[in-house]
Amino acid sequence: MNARQWSLLALLALLWGGAFFFVEVALQALPPLTIVAARLLLAALALQAITRLLRLAVPHAPRTWAAFLLLGLLNNALPFSLISWGQQAISGSLASILNATTPLFTVVLAHWLTADERLAAHKAAGVLLGLGGVIVLVGPGALAGLGESLAGQLAVLAAAASYACAGLFARRFRALHPLVTASGMVSCSALVMLPVALFAEHPWQLAPPPLTAVAAVTGLALLCTVLAYLIFFRLLAVAGATNALLVTFLIPVSAILLGALLLGERLSAGQLAGMGLIGLGLAAVDGRAWPWRRRHAPA
């Protein structure tokens, strides 16, 4: 990837890193499926409005909208619900580690399902280094509850696998404008999740949520969904599924750096070491270090 693509990846990590925080805040007042439905509905309305304002060509073929629906299930409805439900039983730190297994699922699935993203030694090594870096960064303490809340952990792992499948399936939309793809996908997701939340959780019976919960859901919709997916689909088109989904390694980094910059939290030696491992993993997946070594190796 070039410098611009790495910059987009870092910005995407910043946006999606905030999603775990927003979900934790919203869960204090709202049930998980209601949060997901509200997030998707607000995001769909915003994306539809922007698409119409820019007068972008929207496909009308039923086959295309069926593909949007499948992508929405894999990339929104299913993983959002699984993560929100899982975070009721496990911490955000452990959820971020389990979510960072997405590139592992991606490199394996891409090897079998694509012709241009085959599994190579440097990719496998980079993904394992990056995952190890996430564990070191977040801290071994986050793994203390591993195995206790098994259902919540399996839910987040299933979400990671779903994200990997979505990243590979979304390759077929590279010819469309990222805004059109995001709008179609999120609109279909909202249509699925709205009746599910209404039937399962009866949100009209809940007490009015506090402003903090409303702000958290709004942040999830506009920042972590609308803006994030515009960046994600652009990155997916130019860098591929494996590279785009490396963002899950950077999400914990962005969360910790935000804490240091905005809240004055001190960075520990373990966190710095974890960031270093993640950096090595990203460099290995990128593959540029390997040709450099071959060019400079003695004859």
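**Figure 1. Lining of the largest cavity, with α3 giving the largest share, five residues.** The model shown here and in the other views is predicted. A search of the whole structure finds one cavity of 30 Å³ or more, and the volume of the largest cavity is about 290 Å³. Its lining is made up of 22 residues, and those closest to the centre are A19, R39, F80, I83 and Y163. Two or more lining residues come from each of α1 (3-26), α2 (32-54), α3 (62-86), α9 (211-239) and α11 (247-262). Sorted by class, the lining of the largest cavity holds 16 nonpolar, five polar and one charged residues.

**Figure 2. The second largest pocket, with about 180 Å³ of space.** Fourteen residues line this pocket, and L30, T34, A38, P209 and V214 are the ones nearest its centre. The elements that contribute two or more residues to the lining are α2 and α9. Both α2 and α9 also appear among the elements that give two or more residues to the lining of the largest cavity. By class, the lining of the second largest pocket consists of 12 nonpolar, two polar and no charged residues.

**Figure 3. A nonpolar patch on the surface, formed by L41, L45, L194, L198 and W204.** Together these five residues have about 480 Å² of accessible area. Helices α2 and α8 (178-201) each give two or more residues to the patch. One member of the patch, L198, is located in helix α8. The relative accessible area of L198 is 36%, so this residue is classed as partly exposed. For reference, partly exposed covers the range between the buried limit, under 20%, and the exposed limit, over 50%.

**Figure 4. K123 in helix α6 (residues 121-138) and its spatial relation to A283.** K123 has a relative accessibility of 15% and therefore counts as buried. The cut-off that applies here is under 20% relative accessible area. In sequence, K123 and A283 are 160 residues apart, while their C-alpha atoms are 9.4 Å apart in space.

**Figure 5. R55, a residue with positive phi in the loop between α2 and α3.** The phi angle of R55 is about 55 degrees, although R55 is not a glycine. Most residues other than glycine have a negative phi. R55 has a relative accessible area of 77% and is therefore exposed.

**Figure 6. H202, a residue with positive phi in the loop between α8 and α9.** Phi of H202 is near 45 degrees, again a positive value in a residue other than glycine. With a relative accessible area of 31%, H202 is partly exposed.

**Figure 7. Overview of the chain, with 13 helices and zero strands.** From the N terminus on, the order of elements is α-α-α-α-α-α-α-α-α-α-α-α-α. The chain has 299 residues, of which 51% count as buried. K123 of helix α6 counts as buried, whereas R55 in the loop between α2 and α3 is exposed.

How values were computed. Residues numbered from 1 in each chain as written. Predicted model: local features only at pLDDT ≥ 70, side-chain atom pairs only at ≥ 80, totals over all residues. Heavy atoms only, no water. 1 Å grid on protein atoms, 1.4 Å probe; cavity = no way out; pocket = protein on both sides within 12 Å on 5 of 7 lines; lining within 4 Å. Points joined across faces, edges and corners; volume = space filled by probe spheres on them. Helix = DSSP H or I, 4+ residues; strand = E, 2+ residues; numbered from the N terminus. Nonpolar A, V, L, I, M, F, W, Y, C, P; charged D, E, K, R; others polar. Patch = residues over 30% accessible without salt bridge, like charges linked within 9 Å, V, L, I, M, F, W, Y side chains within 5 Å. Areas by Shrake-Rupley, 256 points an atom, 1.4 Å probe, with all protein chains shown as cover. Salt bridge = Lys/Arg side-chain N within 4 Å of Asp/Glu carboxyl O. Buried < 20%, exposed > 50% of the residue type's maximum accessible area, 1.4 Å probe, protein only.
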